[in-house]
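Biologist: I should like to take a close look at one part of this predicted model. Please explain it in a way that a first-year student can follow.

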Amino acid sequence: MTWVTENLHKHSLFDCLQKSLSSASTWYNLQTSQDGTLDADIYESDPELEKICKDQGYTYMDIITINKDALPNYEEKLKMFFEEHLHMDDEIRYILDGRAYFDVRDKEDRWIRIAMSKGDLITLPSGIYHRFTLDETNYTKAMRLFVGEPVWKAYNRPADDLEIRKKYLDSLH
Ligand SMILES: CSCCC(=O)/C(O)=C/O
Ligand SMILES: [Fe+2]
Ligand code: NI
């Protein structure tokens with residue numbers, strides 16, 4: 001059994017509440033685009049995506065394919081993505097193919113699971129604790145967007161003393 005399969009058995013739906021992308025967005029300061037205006041099949045020339053990038057100032061983008069044949073150090077990377085962490089910058093991900101989950105914490109510190117599929121774009125604000133995993137299909141392809149140079153560093157929980165964490169908590173009031 002691979003780590004992913006084991007992880008899915010252990011974690012999948014048992015200890016996480018499920019939320020739709022739109023309902024979670026109103027609670028956790030997430031920004032989403034799932035109104036059908038984006039078309040993942042034409043991401044290379046999609047005027048809607050271009051507009052979002054322009055409006056939000058996204059100047060960097062790359063594409064990551066996450067499955068065991070495409071991603072070097074697949075198991076290690078998935079373990080890393082599934083460690084609860086935060087970033088100094090917003091995490092912007094656009095699902096181009098396949099499916100995946102982002103988990104965030106609610107105010108009672110329970111995991112909220114957000115199911116992402118092709119065409120969904122999510123912005124996790126800087127300072128939010130989160131984690132990422134695949135579903136049983138073990139495959140997704142996602143665009144990663146940044147304002148300026150990408151900063152990949154993740155701060156594993158506990159990171160409560162970081163200013164960015166305090167700023168995020170303040171933003172919820
Ligand atoms: C869908 S991109 C892989 C996950 C990732 O980049 C990240 O930072 C998870 O928190
Ligand atoms: Fe992250
Ligand atoms: Ni879980």
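Does isoleucine 95 count as buried or exposed, and how many C-beta neighbours does it have inside 10 Å?

Modeller: Isoleucine 95 counts as buried, because it has 21 C-beta neighbours inside 10 Å. A residue needs 20 or more such neighbours to be called buried. Please bear in mind that this is a predicted model, and that every value given here is computed from it.

Let us begin with the setting of this residue. Isoleucine 95 lies in strand E5, which runs over residues 91-105. The protein as a whole contains five helices and 10 strands. Its radius of gyration is 16 Å, close to the 16 Å given by the globule rule for 173 residues, so the protein is as compact as a globular protein of that length. The C-alpha trace spans about 40 × 40 × 30 Å along the principal axes. Of the 173 residues, 24% are buried, and isoleucine 95 is one of the buried residues.

The surroundings of isoleucine 95 can be described through its contacts. Beyond the neighbours within four places in sequence, isoleucine 95 is in contact with Ala100, Met116, Ser117, Lys118, Gly119, Asp120, Thr140 and Ala142. Strand E6 covers residues 111-117, a range that includes Met116 and Ser117, while strand E9 covers residues 140-146, a range that includes Thr140 and Ala142. Leucine 49 is 46 residues away from isoleucine 95 in sequence, and the two C-alpha atoms are 12 Å apart in space. For the protein in general, among contacts between residues at least 6 apart in sequence, 79% join residues at least 24 apart.

Two of these contacts of isoleucine 95, Ala100 and Ala142, lead to the ligand. Both belong to the residues around ligand 1, which are Ile64, Phe81, Glu91, Arg93, Ala100, His130, Phe132, Ala142 and Arg144. Strands E5, E8 (130-133) and E9 each give two or more residues to this shell. The largest share, three residues, comes from E5. By class, the shell has five nonpolar, one polar and three charged residues.

Strand E5 also matters for the largest nonpolar core. This core has 27 residues, of which Phe102, Val104 and Met116 touch the most other members. Helix H2 (21-28), helix H3 (47-56), E5, E6, strand E7 (121-124) and E9 each supply at least two of its residues, and E5 supplies the largest share, seven residues. Met116 is also a contact of isoleucine 95. Valine 104 touches Ala24, Tyr28, Ile112, Ile114, Ile128, Tyr129 and His130, not counting residues up to four places away in sequence.

The contact between valine 104 and His130 brings us to a set of annotated positions. An unreviewed UniProt entry lists His85, His87, Glu91 and His130 under "binding site". Although they are spread over 46 residues of sequence, they cluster in space, with a largest C-alpha distance of 11.5 Å. Two of them, Glu91 and His130, are also in the shell around ligand 1.

The three histidines of this set can be taken in turn. Histidine 130 is in strand E8 and counts as buried, because it has 24 C-beta neighbours inside 10 Å. Apart from its neighbours within four places in sequence, histidine 130 is in contact with Phe102, Asp103, Val104 and Leu124. Histidine 85 is in strand E4 and counts as partly exposed, because it has 19 C-beta neighbours inside 10 Å. Histidine 85 touches Arg131, Ala154, Tyr155, Asn156 and Arg157, again leaving out residues up to four places away. Histidine 87 lies in the loop between strand E4 (85-86) and E5, and it is partly exposed, because 19 other C-beta atoms lie within 10 Å. Outside the four nearest places in sequence, histidine 87 is in contact with Ser126 and Ala154.

To return to the question, isoleucine 95 is a buried residue of strand E5, and this strand gives the largest share of the shell around ligand 1 and of the largest nonpolar core.

How values were computed: Residues numbered from 1 in each chain as written. Chains lettered and ligands numbered in written order. Predicted model: local features only at pLDDT ≥ 70, side-chain atom pairs only at ≥ 80, totals over all residues. Helix = DSSP H or I, 4+ residues; strand = E, 2+ residues; numbered from the N terminus. Rg over C-alpha atoms; globule rule 2.2 N^0.38 Å. Buried ≥ 20, exposed ≤ 12 C-beta atoms within 10 Å, placed from the backbone. Contact = placed C-beta atoms within 7 Å. Near = placed C-beta within 6 Å. Nonpolar A, V, L, I, M, F, W, Y, C, P; charged D, E, K, R; others polar. UniProt positions renumbered as here; feature names shortened; annotations may be inferred. Core = buried A, V, L, I, M, F, W, Y, C linked by C-beta atoms within 7 Å.
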